[in-house]
Structures are given as C-alpha cells and as structure tokens.
Amino acid sequence: MAGKGWFGLPFFSLNPRPEVVSCVLSGGGSRASFQLGALDYLYRHDEQFTPTIFVGASAGSILASTLAQSADRDVQQEYLRRLREIWDAMTEPNDMFTPRPWYERLATEGPQLLELVKPLRTDPRPAPPRPQRAPLLPFLRQSPASPPTPELPPQPTPLELALTPDSDEPVRSEWSLAALSSIASHLGRLPRIGSDLNAIAHGLDASKSMYRPGPVLLELLREETFFPARVAASGATLRIAMVALESGELRFMTERGSFVNRNNEPLPGGLHDLTIGVLASCAIPAVFRPVPIGNETYVDGGVRENLPAALAIGHLGAVRNYVVSSQSSGVHRRGSMADADLFSIVMRSTEILIDEAGRDELAYAHSAGSIVIYPELSVHDAMTVDPALIAINEAYGWLRAAEQHLHLDQAAEARHRRIIEARLRALQAEQDYLSTEEPDKRRLRALRSAKTELRDAVRSARDVPLPPGAEEWWRTWEPRATPVALDPPWLTA
C-alpha cells in the first residue's frame with residue numbers, strides 16, 4: 001500500500017516489485033505523435049524499458065491498450081510499429097475528428113443566417129454622443145494636465161465598466177428601408193434556413209458532440225492491431241482513465257474490463273468491453289459523444305488526470321516508472337482577447353487550466369524519481385493532423401527520450417531543440433515556396449537557407465543516436481498528403 005505525501009498524492013509504492021517496469025502515457029489528441037517517437041527510441045535503445053504495466057488517458061489509452069496486448073518487449077515493439085504506420089498515414093483532421101453533419105451544416109449555413117438577421121441588429125443611424133458622467137471611482141483617475149479634448153471623452157476604467165449597471169433601455173431592432181430590402185432579398189431562403197436550423201438543433205441534441213471518431217480509430221481497433229482478449233491473456237497490467245459524469249469520479253478500466261478507483265481498489269459492476277472503455281477514455285467533452293458503460297456515462301479521463309502517473313507510481317508497485325507526456329509545459333501566447341467572445345474565453349481558460357494541472361502531474365512524477373519525457377516545445381496542437389508536423393513531433397519525442405536515457409546536458413538539449421526549430425522553419429519555407437506557381441528567387445533563397453540550417457543543426461548532434469533518416473531531412477520535402485513531385489530546387493547549383 002502506498003503512503004500519502006505531496007499534495008495528498010501517493011509516495012512511490014512502499015513495496016515495489018523487482019524488475020517490474022511501468023509506462024504512463026498522457027492524453028493529447030493527435031500530439032500522441034510525440035509519444036510514438038519517444039517510445040520508438042526507448043524500445044530501440046533503452047534495454048531497461050521492459051514495461052509490463054501500462055496506464056493511459058485519452059489518446060494515451062489507445063497506445064497503452066495496444067502495447068498491453070503482450071508482456072514481451074519485442075512483440076510490444078511490433079505493435080508500436082503498427083501504431084506508427086496508422087498515425088503516419090493520416091493526412092487531414094477528418095481522419096481523426098470527423099465533423100457531425102449538424103456541425104458541418106452550422107459552419108456552412110451559420111454565416112448566411114447571420115447575414116439575414118444582421119439588418120435587424122444594426123442601426124444605420126449614427127449613435128448619439130454619450131452623455132458625460134462623473135466617474136464611479138474618481139480617485140482612480142488622475143486630473144489631466146491640460147483641458148480635455150472635447151472630441152475624446154474620458155473612457156471608463158475596467159473597474160468602472162465592471163461596476164456600472166447595464167442600461168435599462170431595451171435593445172431595439174431598428175427597421176429601415178434598407179433592412180426591409182435585405183429581408184425581401186432573402187425571403188426565398190427562409191424555408192431552407194428554417195429547415196437547416198431544425199436539422200442543426202436536432203443533430204446537436206441527438207449526437208451531443210461536434211465530431212465523431214474518424215477512420216483512424218477504426219484502423220486502430222481492427223483485430224490485427226487491437227483485440228481485447230489478447231490484452232486479458234497477455235499477463236500485462238492495464239489501466240485506462242475515464243471520468244463518470246454522474247458521480248464526477250475518476251475511474252480506471254483494467255485489462256479484463258473491470259473498474260478500479262484512483263487507489264486501484266476494485267469497484268462493483270462486473271466486466272465490460274475494453275474497446276468501449278478505450279472509446280470512453282478518448283471522449284473529449286463536446287468534441288466526442290459521452291459513452292455509457294453500466295450505470296454511468298463516461299468522458300475523457302483527462303478531465304481529471306491527463307497524465308495519470310499517481311496510480312502507476314503509488315499503487316501498482318513498479319520499481320521503474322517511465323512517464324511519457326505529449327503535453328508541453330506552458331501555452332502559446334495569443335493576441336489581445338479584450339474583445340473575445342464568450343466561447344473563446346471559456347476555451348482559452350480551459351486550455352490554461354489543463355496546462356496548470358499538467359504541471360502538477362509532471363512535478364509529482366519528477367518528485368517520485370520517474371523517467372519523465374515531455375516536450376518543452378509545442379510542435380502542433382491536439383486537433384492538428386498534418387503529415388509534416390506529425391513527423392516532426394515524432395522526431396522530437398525521439399530526441400527528448402534520448403536526452404533522458406543518456407542523461408544529456410543542457411547543451412545537448414539545446415542542440416536538439418535547434419534541430420526541431422530549424423525543421424519547422426524549413427517546413428514554413430517549403431510552404432512559402434510552393435505557394436507560388438512561378439519560381440520565386442527570393443523564396444528559393446529562403447528555402448535553401450532554411451534547409452542548410454537544418455543540415456548543420458543535425459550534423460552538430462551526431463554524437464547521440466538520431467531518428468532514422470535524420471541525415472536526409474534537409475535533402476527532401478517534408479511529408480504531405482499529396483507528395484511534392486518537384487525535385488528539391490535547393491539542391492541544384
């Protein structure tokens with residue numbers, strides 16, 4: 001039994017089993033490409049990476065369940081090869097996230113509906129000047145050094161805006177000849193728009209999600225790639241995370257299809273189909289439909305633990321724990337969101353919340369002495385499916401795994417980061433060059449410079465194992481859905 005320590009999380013198991021190795025895999029959508037690259041390195045180069053315990057959440061549950069079909073390292077490596085083939089074959093977001101018909105309809109017809117109602121919301125007359133009023137909190141505003149300009153009345157402070165009650169005046173729809181004319185021009189489309197709105201509302205209510213899993217999931221769940229009976233008979237231990245909406249509790253489905261809680265204590269409810277469990281673990285709220293299992297309805301385990309390391313480290317008793325996360329630490333800076341809509345604010349706040357929870361989970365894994373592999377650089381987001389970015393992220397996962405396995409210093413880590421950043425710049429230069437029909441000397445010079453920089457960055461890191469084919473990165477086009485037929489122009493004299 002594990003003791004309780006940092007923030008109530010379990011310490012490293014008090015009774016670790018000798019030679020038992022665990023592998024924890026986080027959620028991250030299409031960013032699981034990072035984990036695939038890291039795992040590829042570990043199976044090839046780290047002889048101590050012999051996992052027989054797998055714990056995963058969301059996309060990590062797909063990887064964990066597939067690898068847990070065998071307790072033999074060589075067989076696991078073969079399953080990993082199959083996983084990479086499937087991941088690398090994706091060419092567009094629909095392969096992973098296929099829009100529901102209602103959502104596609106909304107995206108198509110929404111702008112037309114807004115165009116129809118816009119005349120009812122817009123007053124064509126100029127707004128009357130706002131009356132001057134005394135500030136609510138005058139001590140927060142300094143007196144001007146010179147007389148105020150009459151054309152520019154003082155703007156309310158953020159605190160004043162927050163404390164000022166809304167106007168009691170009702171919002172009026174202003175009618176005008178222009179508005180009536182616009183309505184008349186759309187009369188023939190009103191029945192169709194009404195039908196579309198009904199279809200959108202019905203589809204949203206029926207599907208409870210914007211997307212359904214794309215064809216990649218069907219490939220991942222084909223019997224030759226994944227079969228629940230193989231997991232149950234393999235001798236490996238599996239735990240995949242999901243959250244019950246009714247109770248709000250974090251649950252884990254086992255290799256046999258039973259449920260345990262976050263302390264690995266059995267829960268009532270019998271056995272369930274492990275395939276359905278994987279689907280539930282990946283059910284990102286609003287993106288994919290919640291999955292009913294037994295008496296509860298489940299969504300993505302990342303809602304509570306995107307990196308479920310505490311179960312593996314504190315309760316499953318492995319002596320050596322590998323924690324591989326595809327979530328980078330920190331979020332991309334965005335432009336001003338002062339005028340962002342409510343949906344954008346909620347999504348951005350959720351992104352920040354997940355990042356903060358991820359930092360705590362990584363810190364716990366580090367504190368327990370785990371081998372922790374995670375990206376410091378974000379190559380692409382969780383819903384991006386682009387063959388070039390997936391390939392680059394796989395290479396980054398490989399390099400980050402090498403850093404941990406070989407205990408490389410900061411200088412080596414900096415060289416690896418330069419390789420990935422140079423490859424991203426080369427990809428951008430490729431896209432710029434290919435965006436024009438006629439040869440562009442300026443873009444060609446930029447492309448040649450970016451590829452040369454990539455060549456030099458790779459050669460500077462030759463003292464450690466590099467991903468297969470790294471020496472050819474600068475010589476070839478990055479992978480695309482439609483391969484580039486043009487010979488690399490930067491290689492010509």
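Okay, let me start right at Asp-300. If you skip the neighbours within four places in sequence, Asp-300 is in contact with Ser-58, Met-242, Val-243, Ala-280, Ser-281, Cys-282, Ala-283, Ile-284 and Pro-285. One thing to keep in mind throughout: this is a predicted model.

So where does Asp-300 sit? It's in strand β9, which covers residues 296-300. And is Asp-300 buried or exposed? Its relative accessible area is 6%, and buried means under 20%, so Asp-300 counts as buried. Its side chain also has a backbone partner: a polar atom there lies 2.6 Å from the backbone nitrogen of Gly-302.

Now, the reason I began there. UniProt has an "active site" annotation, from an unreviewed entry, and it covers Ser-58 and Asp-300. Those two are spread over 243 residues of sequence, yet they cluster in space, with a largest C-alpha distance of 5.7 Å.

On to the other half of that pair, then. Ser-58 lies in the loop between β2, residues 51-57, and α2, residues 59-67. Its relative accessibility is 5%, so Ser-58 is buried as well. Again leaving out anything within four places in sequence, Ser-58 is in contact with Gly-27, Ser-281, Cys-282 and Asp-300. If you flip back to the Asp-300 list, you'll find Ser-281 and Cys-282 there too.

There's a backbone detail here as well. Most residues other than glycine have a negative phi. Ser-58, which is not a glycine, has a positive phi of about 55°.

And there's another residue like that. Which one? Asn-264, with a positive phi near 65°. Asn-264 is in the loop between β7, residues 259-260, and α10, residues 274-281. Not counting residues up to four places away in sequence, Asn-264 touches Arg-239, Leu-311, His-315 and Leu-316. With Arg-239 there's a side-chain to side-chain polar contact, at 2.9 Å. And for a bit of local geometry, Asn-264 and Thr-254 are ten residues apart along the chain, with their C-alpha atoms separated by 9.6 Å.

Let me go back to α2 for a second, and look at what follows it. Ser-70 is in the loop between α2 and α3, where α3 is residues 73-88. Ser-70 is buried, at a relative accessible area of 10%. What does its side chain reach? The backbone nitrogen of Asp-72, at 2.9 Å. Outside of the four places either way in sequence, Ser-70 touches Val-75, Gln-76, Tyr-79, Ser-234 and Ala-236.

Okay, next up, a helix pair. Two packed helices are described by the angle between their axes and the distance between the axes. Here I mean helix α13, residues 387-405, and helix α14, residues 410-434: their axes come within 10 Å and cross at roughly 175°. That makes α13 and α14 roughly antiparallel to each other.

Who's at the contact? From α13 we have Ala-388, Leu-389, Ala-391, Ile-392, Ala-395, Tyr-396, Leu-399, Arg-400 and Glu-403, and they meet Glu-413, His-416, Ile-419, Ile-420, Arg-423, Leu-424 and Leu-427 in α14. By class, that's eleven nonpolar residues, one polar and four charged.

I'd like to pick out one of the charged ones. Arg-423, in helix α14, comes out as buried, at 4% relative accessibility. What does Arg-423 touch, beyond residues up to four places away in sequence? Ala-391, Ile-392 and Ala-395, and also Leu-454, Trp-473 and Glu-478. The first three of those names are on the α13 side of the helix contact.

For a contrast, have a look at Asp-360, in helix α12, residues 342-367. Asp-360 has a relative accessible area of 41%, so it's partly exposed. Asp-360 and Leu-307 are 53 residues apart in sequence, and their C-alpha atoms are 9.7 Å apart in space.

Last, let me zoom out to the whole protein. How many helices and strands are there? The secondary structure comes to 15 helices and eleven strands. Of the 493 residues, 44% count as buried. And if you take contacts between residues at least 6 apart in sequence, 72% of them join residues at least 24 apart. The annotated pair we began with, Ser-58 and Asp-300, is a contact of that kind: spread over 243 residues of sequence, and touching.

That's my tour, happy to take questions.

Methods. Residues are numbered from 1 along each chain as its sequence is written. This is a predicted model: local features need pLDDT of at least 70, side-chain atom pairs count only at pLDDT 80 or more; totals for chains, interfaces and linings use all residues. Side-chain values use heavy atoms; hydrogens and water are left out. Axes are lines fitted to C-alpha atoms, for helices over the stretch in contact, and angles run from 0 to 180 degrees between N-to-C directions. Helices (H or I, at least four residues) and strands (E, at least two) are DSSP runs, numbered from the N terminus. Angles under 35 degrees count as roughly parallel, over 145 as roughly antiparallel, 65 to 115 as roughly perpendicular and the rest as oblique. Contact means heavy atoms within 4.5 Å. Ala, Val, Leu, Ile, Met, Phe, Trp, Tyr, Cys and Pro count as nonpolar, Asp, Glu, Lys and Arg as charged, and the others, Gly among them, as polar. UniProt positions are given in the numbering used here, feature names are shortened, and annotations may be inferred rather than shown by experiment. Buried means under 20% relative accessible area, exposed over 50%, partly exposed in between (1.4 Å probe, protein chains only). A polar contact is a pair of N or O atoms within 3.5 Å; within protein, one must be able to donate a hydrogen and the other to accept it, and residues adjacent in sequence count only if both atoms are side-chain atoms.
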